[in-house]
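Let's take a friendly walk through a protein model, one feature at a time. Keep the structure open beside you and look up each residue as it comes along.

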Amino acid sequence: MPNRVAIVGIGQTYHKRGRPDVNQAEMVGEAVRAALADAQLSIKEIEGVFFSNMETFEGIYLPDHGMAAEVGSFGKPGLKVCTGGTSGGSVVVEGFYFVASGLYDLALVIGFEKQDCGDTTAAITAATTPVWGKGAATGAIGEFAKQALSYMETSGAKEEHAAMVRLKADRGACRNPYAHLKLGLKSVDEILQSGYLVWPLRLLDFCPQSCGACALIFASEGSAKKITKKPVWVADVEVVHQEPFRAGIFGDPTGQETYTQHVACERLYRRNGITNPRKDIDMAEIYEPSNWEEMNLYEHLHFCEKNEGWKLIEKGITEMEGEFPVNPSGGVIATNPIGATPVIRVAEAALQIRGDAGEHQATRDIKTALATALGGPNWTVLTLLKRSL
Amino acid sequence: MAERVGIVAVGQTKYHPNRSDVNEEELAYEVIKQVLEATGLTLSDIDSAVTCSQDFWDGRTISNMNVQHVVGAHMGHEDKVAEDGINALYVGMSQVLSGHQDIVLVVAHMKESQGEKSLIENAAFDPALMRPLGLDFLSTAALQAKRYMYKYGITAEQCAKVAVRNRSNAKNNPFAQEPMDITVEDVLGSKMLSSPIRHLDTKPVSDGACAMILTREEKARKLTSKPVWILGASNCYETHYLGDRDLANCDALVKAAKKAYSMAGIKNPLKQIDVAEISGEYSYQELLWMEGLGFCGRGEGGMLIDSGVTKMGGKLPVNPSGGVLPGNPNGVAGMTRVAEAVLQLRGEAGDRQVKGAKVALAHGVTGICGQHQCVMILGNT
Amino acid sequence: MARESPKKKAKESKPEYIQVAFNTPRPYNWSTGKYLGKFYAEAKENRKIVGNRCPKCKEIWLQPTVVCPKCKVDMGWDWVQLPQTGTVTQYTYLVYPLWDPHYGEKWANPYPSAMILLDNGFYYRAFLEETDKDKLRVGMRVQAVWKEDYEERGQGPADILYFRTIED
């Protein structure tokens, strides 16, 4: 019988474009101290520290070793995982398994990325098989552009819908003290007038490169109940990976291939008795690298039928005040320190369940939340959180 | 803990200085095929895969993309650890113990021949303070060796004995890369790399992979007649900056060993452990790590190797496989140690078999001067 | 007449951050291995595009692989030559230069990158020769153009310079 696991502490840095005032270790230290303060624990009580980071982005080999003193992991067990964009999701899953197994009672799970230290696009382009793909690589941006074109054509979504998603994200970000891009966008028109980056994606449509860290403290049931009155239970996790799409890397322009989100949700929902996601789950923090992808993901995460993703945003269903809020925190399009982003999704979903999300708290009561992680190529990690099991 | 975790099959490649005939995927598949054939499982039977590789060494961001399909991760559960291979095994163990995953495939691969060792290792150092000094793991190991030898009077001859014994043991290991008949004089006469570390005190560049399959006790007994149980395991970090610790200590190893021993019920390592496979790219490290593992007191590593306790036929043979010195890629070395320990406990270690081995210790190390240590205790009863 | 120009109001001093830059190239030697090696050989010697076919599901995989990702079985050595003409299904072009991580240079490749549906139903990613973005459209017919010089080939997929628009 696996042990039950709860999140008892949440901490983030204030995510920014550049953090020249700190080095990588110091930045992570901020998030760790915030999480410990939130849980009212000291680092002494933490039994293991698990890291997630994509080391090629900062050009630092073994980054978890470098921050042993600042983070307080020296003298403690731990390790680092790196699975690309889903690294943060993988570290949450690993932390979950380590506590569920009984090997650890209190584990600290950290995701971080300090993207002002390197060239993200070059590092992403280096993810193609060295002897194969570099020839026609365009980084993540080109891939998403192709996917957006295909979504427009197959689903009938218009640029207006993408702009509505962007507006929703910015409204959330402006109310989230930790978010990176707070643009103060006022209307769909304002967005439609802005410039293209890689057609049809506008500069506004794409996520930023952020510097930030996010830390979570996982505890086993016995400890969790002693530490906090509001533990957020990790009900289940699901990991699905696959080789790159045939016709793309990060997105499938043909609209025919199976998304791992679809498979992962099928498995997770079946195991947890979820038959009507928008009713059985109260909100979602999803990993959407662009607003176009958010609409596409609504479909693959079974929030709506195929080709209807844009209708959810048109009807305001996924707004903060809506019936099924998605990314009230501003999402990835407002904040994206890659190694930390999936951990931030879990953190934000947990804050919603605790009712601690301040000004970006969803209007309806959140008892169950889904946090997703996405990575190249076509990787998904899902975390299902509940107020009570 | 409910059911124990059992290792049901292990596979290794013959370690080689340059496997230019294969890419990472084919290299990993060689060992995956070995473990699948041994158990009669197919890739579709694998519930979860834990891979271990370093983006910096593979020269590719998200280096697990290199081995995705060969671990059967199509629409499957997959994770990648970025430390020494033995840690991937630790993660696999937690997955099985958590009750959430059943059959776990663990694979580590690395082709050291692909990259420039010094440049890659230099990237592990703090960019502002230590990198500009041009340090790599060899030069810092040399600092540690010097400190260790100075504090406790360990001699170069004692370090050389580690190399002599390991290279000789490797002659009985069909997977070993460079078995050799050398003497202490040969080691002390070999080219000085970074004092006091000489060429024969260290290992050659190596390519290779290692894989194993783990599952819970009940299933393990069905998949093999000789399951090997993980009785205890733990890892531990040390501080990073060289000046923050006395390099002649290995506190992280002491802590990791303590936790692993307590899980396995080991109170007297020399008595209760029948064979030990210890990682160490530099000869002095084995002496220091043996102290950390409690095989002898602090500063007594040199006396321990002089005593003959650790040679084949001794009270606690160390590295019957030859260990890392004859050639093992650094990201795979720890997992190879576990594979060798498993072979010992299954009685399948051929000419290097330690008779009647029932409890084995395997050890892996990552980072500068052994900043990250991992210890596993395995048993066959 | 003033002796000195009036002093500016003192600005609050900004903190000075230390930035450490590293521009060391890190060389790598990658092996193609057996399967990718066959692709490279066919491209160099015969200017052919080949993929291997799974014995179970019969799907062709490019880049060639040792295990079929979907069936999870050994791929074996069944090679299929792919057609060199196809239809553009998607394309995109770079507006600003990217860093080429393999050469460390800013690489403003003028050719658009495209996903081409080869005539046998297989998707192949390559560059397009047409740089005038007004002439690009989804559905155009294209054909592979190889590097002519034998000595220059041997770069695998890069042996194909780009796909040229053909009149149907």
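Our starting point is Gln63(C), which sits in the loop between strand E2 (60-61) and strand E3 (79-82) of chain C. Before going further, please keep in mind that this is a predicted model.

**Unusual backbone spots**

Most residues other than glycine have a negative phi, and most peptide bonds are trans. With that in mind, look at the bond that leads from Leu62(C) to Gln63(C): this peptide bond is cis, and its omega is near 15 degrees.

The loop between E2 and E3 of chain C also holds Lys72(C). Its phi is near 60 degrees, a positive value in a residue other than glycine. Is Lys72(C) buried or exposed? Lys72(C) counts as buried because its relative accessibility is 16%, and the cut-off for buried is under 20%.

Another lysine of chain C has a positive phi: for Lys58(C) the angle is near 65 degrees. You can find Lys58(C) in the loop between strand E1 (49-53) and E2 of chain C.

Chain B has a cis peptide bond as well, joining Ser195(B) and Pro196(B), with omega at about 10 degrees. Pro196(B) belongs to the loop between strand E5 (192-194) and strand E6 (197-198) of chain B.

**Salt bridges**

How many salt bridges does the structure hold over all chains? There are 55. Here are some examples, with the distance between the N and O atoms.

| Residue with N | Residue with O | N to O distance |
|---|---|---|
| Arg267(A) | Glu238(A) | 3.6 Å |
| Arg216(B) | Glu3(B) | 3.4 Å |
| Arg19(B) | Glu30(B) | 2.7 Å |

Begin with the pair in chain A, where the side chains of Glu238(A) and Arg267(A) meet. Glu238(A) lies in strand E8 (residues 232-240) and Arg267(A) in helix H11 (residues 260-271) of chain A, so this salt bridge ties together parts that are 29 residues apart in sequence. Glu238(A) is buried, with a relative accessible area of 7%, while Arg267(A) counts as partly exposed at 26% relative accessibility.

Now move to chain B, to the salt bridge between Arg216(B) and Glu3(B). This pair links distant parts of the chain, 213 residues apart: Arg216(B) is in strand E7 (residues 207-216) of chain B, and Glu3(B) is in the segment before strand E1 (5-12) of chain B. Arg216(B) counts as partly exposed, at 24% relative accessibility. Glu3(B) is partly exposed too, with a relative accessible area of 30%.

Next comes the salt bridge of Arg19(B) and Glu30(B). Arg19(B) is in the loop between E1 and helix H1 (24-39) of chain B, and Glu30(B) is in helix H1 of chain B, eleven residues apart. At 11% relative accessibility, Arg19(B) counts as buried, whereas Glu30(B), at 28%, counts as partly exposed. Elsewhere, salt bridges that share partners join Glu3(B), Asp102(B), Arg216(B), Glu218(B), Lys219(B) and Lys222(B) into one network.

**Empty space inside**

Rolling a probe the size of a water molecule over the atoms shows where empty space is left. A search of the whole structure finds eight cavities of 30 Å³ or more, and the largest has a volume of about 250 Å³. Which residues lie nearest the centre of the largest cavity? They are Glu281(B), Asn330(B), Val365(B), Thr366(B) and Gly367(B), from a lining of 23 residues. The elements that give two or more residues to this lining are helix H5 (137-152), helix H11 (283-292) and strand E10 (359-366) of chain B. By kind, the lining residues divide into eleven nonpolar, nine polar and three charged.

**On the surface of chain C**

Finally, return to chain C, where Ile18(C), Val20(C) and Phe22(C) form a nonpolar patch on the surface, with about 290 Å² of accessible area together. Phe22(C) lies in the segment before helix H1 (33-46) of chain C, and counts as partly exposed at 32% relative accessibility.

Glu167(C), in the segment after strand E10 (160-165) of chain C, is exposed, with a relative accessible area of 73%. Its C-alpha atom is separated by 7.0 Å from that of Arg141(C), although these residues are 26 residues apart along the chain.

Key: Residues are numbered from 1 along each chain as its sequence is written. Chains are lettered from A and ligands numbered from 1 in the order in which they are written. This is a predicted model: local features need pLDDT of at least 70, side-chain atom pairs count only at pLDDT 80 or more; totals for chains, interfaces and linings use all residues. Side-chain values use heavy atoms; hydrogens and water are left out. On a 1 Å grid over the protein atoms alone, a cavity is a set of points where a 1.4 Å probe fits but cannot get out, and a pocket is an open set with protein on both sides within 12 Å along at least five of seven lines; lining residues have an atom within 4 Å of a point. Grid points are joined across faces, edges and corners, and a volume is the space filled by probe spheres set on the points. Helices (H or I, at least four residues) and strands (E, at least two) are DSSP runs, numbered from the N terminus. Ala, Val, Leu, Ile, Met, Phe, Trp, Tyr, Cys and Pro count as nonpolar, Asp, Glu, Lys and Arg as charged, and the others, Gly among them, as polar. Patches are made of residues with over 30% relative accessible area and no salt bridge: like charges are joined within 9 Å, nonpolar side chains (Val, Leu, Ile, Met, Phe, Trp, Tyr) within 5 Å. Accessible areas come from the Shrake-Rupley method with a 1.4 Å probe; for residues, only the protein chains shown count as cover. A salt bridge is a side-chain nitrogen of Lys or Arg within 4 Å of a carboxyl oxygen of Asp or Glu. Buried means under 20% relative accessible area, exposed over 50%, partly exposed in between (1.4 Å probe, protein chains only).
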